[in-house]
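Dear colleague,

I am handing over the structure we spoke of, and below it you will find an account of what turned up in it. Please read the two side by side.

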Amino acid sequence: MAAAQDTHQASQETELFAPPADFAAAAHVPSFEAYQELHRRSLEDPEGFWREITDGFTWFKPWTQLQEGKPPFVKWFVDGETNISVNCLDRHVEAGRGDRVAYYWEGEPGDTRVVTYADLLTDVQRFANALKAQGLESGDRVVLYMPMVPELPVAMLACARLGVVHSVVFGGFSADAIRDRVNDAGARMIITADGGWRRGRVIPLKGNVDAALADDACPSVEGVIVLKRCENDIGWVDGRDVWWGDAIAGQSEVCPPAQLPAEHPLYILYTSGTTGKPKGVVHAQAGYMVYTALTSKLIFDLRDDDIYWCTADIGWVTGHSYIVYGILANGISGVMYEGAPNHPAEDRFWEIVEKYRVTVFYTAPTAIRTFVRWGDHHPQGRDLSSLRLLGTVGEPINPDAWLWYHRVIGGGRCPIVDTWWQTETGGVLITPLPGATTLKPGSATLPFPGVEPAVVGEDGEPVPDGHRGLLIIKRAWPSMLRGIYQEGWGQPGHPGEYGDSERLIETYWEKFPGRYLTGDGAVRDADGYYWVIGRVDDTLSVAGHRIGTAEVESALVSHPSVAESAVVGAPDPITGEFISAFVTLRAEVDGSDELQAELIAHVGQVLGRFACPKQLRFTDALPKTRSGKIMRRLLRDIAAGREVVGDTTTLEDLSVLAALRGDEE
């Protein structure tokens, strides 16, 4: 607790940054008083507030009832019918904005495309008809495992147009991870590509899909559509595999949208948890549509002439909400980039900002800390004068990185929106509004309209300002997760009609009934600003990616040499945290540098390279309590090179701790 208070007090002493007067004058929310009134109204008159917001959307049947049910089972815009693809595409084209650019796309090798809203609508309708021709129907699930190319949002929007539920799997995941997600979702189809470019080499996407499907390991899958991107050699299964180009050949450019109930599931996105099995978070059409559109508009202060670039991968929720759905719903021009930030050179991002005259730039603190390490000369060698607003996402940003970002990338003139949210929340919950909020480097600042957070102790009571506690959300919001996917979703009378209700309640709602437990620790300061500290459960945030320790432990134990493992996070100046693994080997196995490398590679094979431990050490035993619980607190101290502090009297065998400390010396 003292550390949290010290960090907070240090942050308090940094310079405050008021909104620039010219920025505030033209902003959607132009003053702190305007923000206060907006937030007050959203809590006191939610029906009036959300009615005003939703009147700008296309509804086949307008809603008359705002909410139904109590958390966690809350429905929004209950009796309304809509389709998110219509609100992202058709309504802009029908309003005469079809020639506006939707995406400036840049491939890693340097190839480019410009896709207008009219182009995107045509492509989506053709591909939706191709999916129908493959036999897909509303409610079916489809897994997308693709590179960062325009066909990925095309596939997402085509699914949404039909009421087909998509589940995007990040291209860094392994065949085993694909298989787990396909089987959990019961996906009928996989949409992939031959490969994708990353740092000059081809990521074998189709090869990973083939490995996932080998030996009939995914019996629900009936077909695989393959986009030709890299023209690398791939395997082929006749009768199952079809090229994207062949699938859309001859398809009509008109596909009437499905008129979907507000609560129809839009997508499933898997997120790490405290158990080995990833959770399939489900988001619904209308609530997600409305909330991502509103947060995009107000947080990024979007204007018709903006060129917006979010550097995330669409495989994560940030890409879903703030590259695809929320941005397209506002009719804004965005940038999509396929590759790495340092290929072919370390100024690649700044080259793209300069080339497309990007005005709004949204990236992760991990990337910012990496840019700092690479040197100021890279951004200073490019013209970044087009930028007017900067954003951060994925993890808390330390004040030093914030100040560098403001000074070197923003030229001291750009407000920074430090956004806090999660896969489960669907959209940003705590954030500055750039024309209204005085910024404190390192603080996510204040709740978005409609959001009511609190910092509480283990007893659920508010902790005093300046003290660390658990961050909770006290009321429902439109884009909240609708559940954890389970077979039978939406089938009345089926045990899985509402998903895995037991796991949903246990994970998020059981500790404080009626209030959402975020799993993050936080401090609220005397001005009401929120400072998010990081995870308090057994998940890690590595480069903004949430990774469950149980998943990595399960991957390690699946190796025949491993008897037991424990995984913890340790501080890292670039990625925020790194993964540290402690491994006990089977009796007949000796530890070696070769085995250490093999185990790290094994985790990469099972989960993906981003989940590989940076540090792995062998130990004869793990520190456990007398009841058999691994004391990860002690392992975290050891992994970080800190002195082990706190009560160790519950340890079953103190010699285990002594041996581990000896390894540190």
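Arg 388 is buried, with a relative accessible area of 15%, and its partner in a salt bridge is Asp 301, at an N to O distance of 3.6 Å. This pair links distant parts of the chain, since Asp 301 belongs to the loop between α11 (285-299) and β16 (307-310) while Arg 388 belongs to the loop between α15 (377-380) and β19 (389-392), 87 residues apart. Asp 301 is likewise buried, at a relative accessible area of 1%. Please keep in mind throughout that this is a predicted model.

The structure holds 36 salt bridges, and a few others deserve a description. As a general point, side chains of opposite charge can pair when their charged atoms come close. Glu 452 and Arg 475 form one such bridge, with their closest N and O atoms 3.0 Å apart. Glu 452 lies in the loop between β20 (416-418) and β21 (453-456), and Arg 475 in the loop between β22 (468-473) and β23 (483-484), so this salt bridge ties together parts that are 23 residues apart in sequence. Glu 452 is partly exposed, with a relative accessible area of 22%, and Arg 475 also counts as partly exposed, at 28%. Elsewhere, salt bridges that share partners bring Glu 106, Arg 348, Glu 351 and Lys 355 together in one network.

A salt bridge within a single helix is found between Arg 40 and Glu 37, whose closest N and O atoms are 2.5 Å apart. Both residues lie in helix α3 (residues 32-44), where three residues, about one turn of the helix, separate them. Arg 40 is partly exposed at 35% relative accessibility, and Glu 37 is partly exposed at 40%.

Turning to the aromatic residues, the structure holds 39 aromatic pairs. In one of them, the rings of Phe 173 and Trp 316 have centres 6.0 Å apart and planes at 55°, so the pair counts as tilted. This pair, too, links distant parts of the chain: Phe 173 is in the loop between β7 (165-168) and α8 (175-185), whereas Trp 316 is in the loop between β16 and α12 (317-329), 143 residues apart. Both Phe 173 and Trp 316 are buried. In addition, Arg 181 lies over the face of Phe 173, at 4.2 Å from the ring centre.

These three residues appear again in the lining of a cavity. A search of the whole structure finds one cavity of 30 Å³ or more, and the largest cavity holds about 40 Å³ of space. Its lining is made up of Val 168, Val 169, Phe 170, Phe 173, Arg 181, Leu 269, Tyr 270, Gly 315 and Trp 316, which by class are seven nonpolar, one polar and one charged residues.

A separate group of rings is also worth finding on the model: Phe 49, Trp 50, Trp 59, Trp 63, Trp 76, Phe 77, Tyr 291 and Phe 448 form one aromatic cluster. Over the face of Trp 63, a member of that cluster, lies Arg 51, at 3.7 Å from the ring centre.

Lastly, some points about the backbone. Most residues other than glycine have a negative phi, and most peptide bonds are trans. Against that background, a cis peptide bond joins Pro 71 and Pro 72, with omega about 5°, and Pro 72 is found in the loop between β1 (67-68) and β2 (75-76). Another cis peptide bond, again with omega about 5°, joins His 343 and Pro 344, and Pro 344 is placed in the loop between β17 (333-337) and α13 (348-356).

Positive phi values are found at Asp 216, where phi is near 55°, and at Thr 445, where phi is near 70°. Asp 216 lies in the loop between α9 (205-213) and β11 (223-227) and is exposed, with a relative accessible area of 59%. Thr 445, by contrast, is buried with a relative accessible area of 0%, and it lies in the loop between β20 and β21, the loop that also holds Glu 452.

With kind regards

Definitions and conventions: Residues are numbered from 1 along each chain as its sequence is written. This is a predicted model: local features need pLDDT of at least 70, side-chain atom pairs count only at pLDDT 80 or more; totals for chains, interfaces and linings use all residues. Side-chain values use heavy atoms; hydrogens and water are left out. A salt bridge is a side-chain nitrogen of Lys or Arg within 4 Å of a carboxyl oxygen of Asp or Glu. Helices (H or I, at least four residues) and strands (E, at least two) are DSSP runs, numbered from the N terminus. Buried means under 20% relative accessible area, exposed over 50%, partly exposed in between (1.4 Å probe, protein chains only). Rings of Phe, Tyr and Trp (its six-membered ring) pair if their centres lie within 6.5 Å; planes under 30 degrees apart count as stacked, over 60 as edge-to-face and the rest as tilted. A charge sits over a ring if NZ of Lys or CZ of Arg is within 6 Å of the ring centre and within 35 degrees of the ring normal. On a 1 Å grid over the protein atoms alone, a cavity is a set of points where a 1.4 Å probe fits but cannot get out, and a pocket is an open set with protein on both sides within 12 Å along at least five of seven lines; lining residues have an atom within 4 Å of a point. Grid points are joined across faces, edges and corners, and a volume is the space filled by probe spheres set on the points. Ala, Val, Leu, Ile, Met, Phe, Trp, Tyr, Cys and Pro count as nonpolar, Asp, Glu, Lys and Arg as charged, and the others, Gly among them, as polar.
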